[in-house]
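Reader: I would like to go through this model by means of specific questions. Please state the criteria behind each term when it comes up.

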Amino acid sequence: MGSKITVTFGSQHIAIPEPVSFVFETENEIITKVDVDVGYVHRGIEQAAVSKFNFNNVQFLLARVCGFCSITHAGAYIHGVEQLLGVETTRRADYLRLIVTELDRMHSHLLANGHVAEVCGYENLFMQVVKYRENATEILEAITGNRVQYDYYQIGGVSRDLSPEHIKMINAKLVELRKNVLKMRDFFETDYTLGLKTRNVGTITYDMAKEYNTAGPIARASGLRMDARNEFDFLPYGEVGYVLQTRTEGDVWARNMVRFDEVINSIDMSLYAVNNLPEGDIKVKVKGKPKGETFIRVEAPRGECFYYIKGNGTKVMERVRVRVPTYSNIPVLRELFVGSLYSDAQPIVLSFDPCLSCTAR
Amino acid sequence: MINPELIMHEVTLGNIKDILMGWYDVDKHHYITINAIDSGETLTIDWIFSEYEVKNIMHIFRVENIEYKSNIPSMMDVYPCAWVSEWDLADMFDLNMENAHRGMFLEPEAPTGPLLKESYSGK
């Protein structure tokens, strides 16, 4: 007869910087049932977007849905508004948007993998990852003015251009980051002890990934070829060397590997874009007020971010709907816990790189 | 500028579940979310999908002119991940959503239906 214990994980937990609550029923340390609560940081952002802000200021509100993927929230909204207004941005602005979006992915992915290492007992490795990640955040600060929470996207273009000094600095820092990411990737891939906590832990099969409509690196680590960059032309990914990264193992280890491979691809795309920047203005003039509805998909670091936007020809939007990747990945996470060891709960959760600020909005 | 191809499917609350049961192909279709829009008098609800590795296509199953207290069917039998988006919408629009547990996104003392127009328009 096994011993049955109910264990609460959160709402404040040392492994996760944001509030989320799981209540596990365990039998001999195997999780048998899970209850989840993700709504601790609901801030009424969708309501504020249609009642407190003019349409040309809503992107600043949406950028604050989440500090890390602020660029994708503002970007998704602005792509939608530009479509409703019939705005055609310049290729230079599109390339600059792509560079910042990929820099955002680099620092988010690296921190996610660092967190997995930390909860597996590798605190020094976490610090090393964060140290290397500084290269990406320093570039973001130089381009946008902020290390996180950057308001770079503007309706019609971007807020700042790159100078020759910027381009030189970005090249040097990205080359250095690429070298260090390869070094870290090798360690995560081959270290035996880290592998004990990551290999064959929290495995999502290909069928499960499809059945639960998973998104982002979680889906791709299980072999599901699903990436909004591949399915929706929101930025010129076809011109800069984008490659869809997948694995088939589906475990914590595979999710780490997909993130590292995506960081390498993001660095390569950014290097190409920064060295092949098209000539032209960074912003076009925009007139009018948005009228009509549109559906937008962009690929945030954690996966597909979906926006529905409806304007009624006035200065205030009619409806803004935000669906973020963690929101999409919660159902499979809940299923995945069942049958897992309680001691594996931390690396499993962290390998999902959950963003509760995004989910609760 | 993005120009997605939106494939609109006309459905009703009475047949949406049967239609999705026949149409949804787990190998082909990716469920994105469910969305509601309040006109101030009635609701419109969209069930939104994409297709794996197909560019710029979205399928929208739309039901218009829904009365506020109508019963909305759950799609958890069609795709088991439906519950998060359904519970979210039930909280935000005070919907009678089948099998929805209330209070996951809103605290118990929060005003009901914060995304209904009457809750923020001052009417």
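Reader: At what angle does H12(A) run to S3(A)?

Author: Helix H12(A), residues 325-337, lies across S2 and S3 of chain A, where contact means heavy atoms within 4.5 Å and helices (H or I, at least four residues) and strands (E, at least two) are DSSP runs numbered from the N terminus. This is a predicted model in which local features need pLDDT of at least 70 and side-chain atom pairs count only at pLDDT 80 or more, while totals for chains, interfaces and linings use all residues. Residues are numbered from 1 along each chain as its sequence is written, chains are lettered from A and ligands numbered from 1 in the order in which they are written, and side-chain values use heavy atoms, leaving out hydrogens and water. With axes fitted to C-alpha atoms, for helices over the stretch in contact, and angles taken from 0 to 180 degrees between N-to-C directions, the angle between H12(A) and S3(A) is about 155°.

Reader: Which residue of S3(A) stands opposite Phe22(A)?

Author: Strands count as paired if DSSP finds at least two bridges between them, and S2(A), residues 21-27, is joined to S3(A), residues 30-37, by seven bridges in the antiparallel sense. On the side of S1(A), where six bridges form an antiparallel pairing with S2(A), Phe22(A) faces Phe9(A), and Phe24(A) is the bridge partner of Val7(A). In S3(A), the residue opposite Phe22(A) is Val36(A).

Reader: Which residue in the hairpin turn between S2(A) and S3(A) has a positive phi?

Author: The hairpin formed by S2(A) and S3(A) has two residues between its strands. One of the turn residues has a positive phi of about 50°, and that residue is Asn28(A).

Reader: Why is one side of S1 and of S3 in chain A left without a neighbour in the sheet?

Author: The open sheet follows the order S1-S2-S3 in chain A, with antiparallel pairing. Its twist averages 20° from one strand to the next. One side of S1 and of S3 has no neighbour because both stand at the edges, each with a single partner strand.

Reader: In what order do the four strands of the open sheet in chain B run?

Author: S3(B), residues 43-51, pairs with S4(B), residues 57-66, in the antiparallel sense over seven bridges, and Ser50(B) has Met58(B) as its bridge partner in S4(B). S1(B) and S2(B) stand at the edges with a single partner strand each, so one side of each lacks a neighbour in the sheet. The pairing in this sheet is mixed, and the strand order is S1-S4-S3-S2.

Reader: At what angle does helix H2(B) run to S2(B)?

Author: Helix H2(B), which spans residues 82-93, lies across both S2 and S3 of chain B. Relative to S2(B), H2(B) runs at about 5°.

Reader: Which element supplies the largest share of the lining of the largest cavity?

Author: Four cavities of 30 Å³ or more are found in the whole structure, a cavity being a set of points on a 1 Å grid over the protein atoms alone where a 1.4 Å probe fits but cannot get out, with lining residues having an atom within 4 Å of a point. The largest has a volume of about 60 Å³, and its lining includes Arg323(A), Tyr327(A), Tyr31(B) and Cys81(B). H12(A) and S2(B) each supply at least two lining residues. The largest share, three residues, comes from S2(B).

Reader: Which element of chain A has the lowest mean pLDDT?

Author: By pLDDT, the predictor's confidence in each residue from 0 to 100, chain A has a mean of 90 and chain B an average of 89, while the complex is given an ipTM of 0.92 and a pTM of 0.91. Among the elements of chain A, the highest mean, 96, belongs to H11(A), and the lowest, 74, to helix H14(A).

Terms used
On a 1 Å grid over the protein atoms alone, a cavity is a set of points where a 1.4 Å probe fits but cannot get out, and a pocket is an open set with protein on both sides within 12 Å along at least five of seven lines; lining residues have an atom within 4 Å of a point. Grid points are joined across faces, edges and corners, and a volume is the space filled by probe spheres set on the points.
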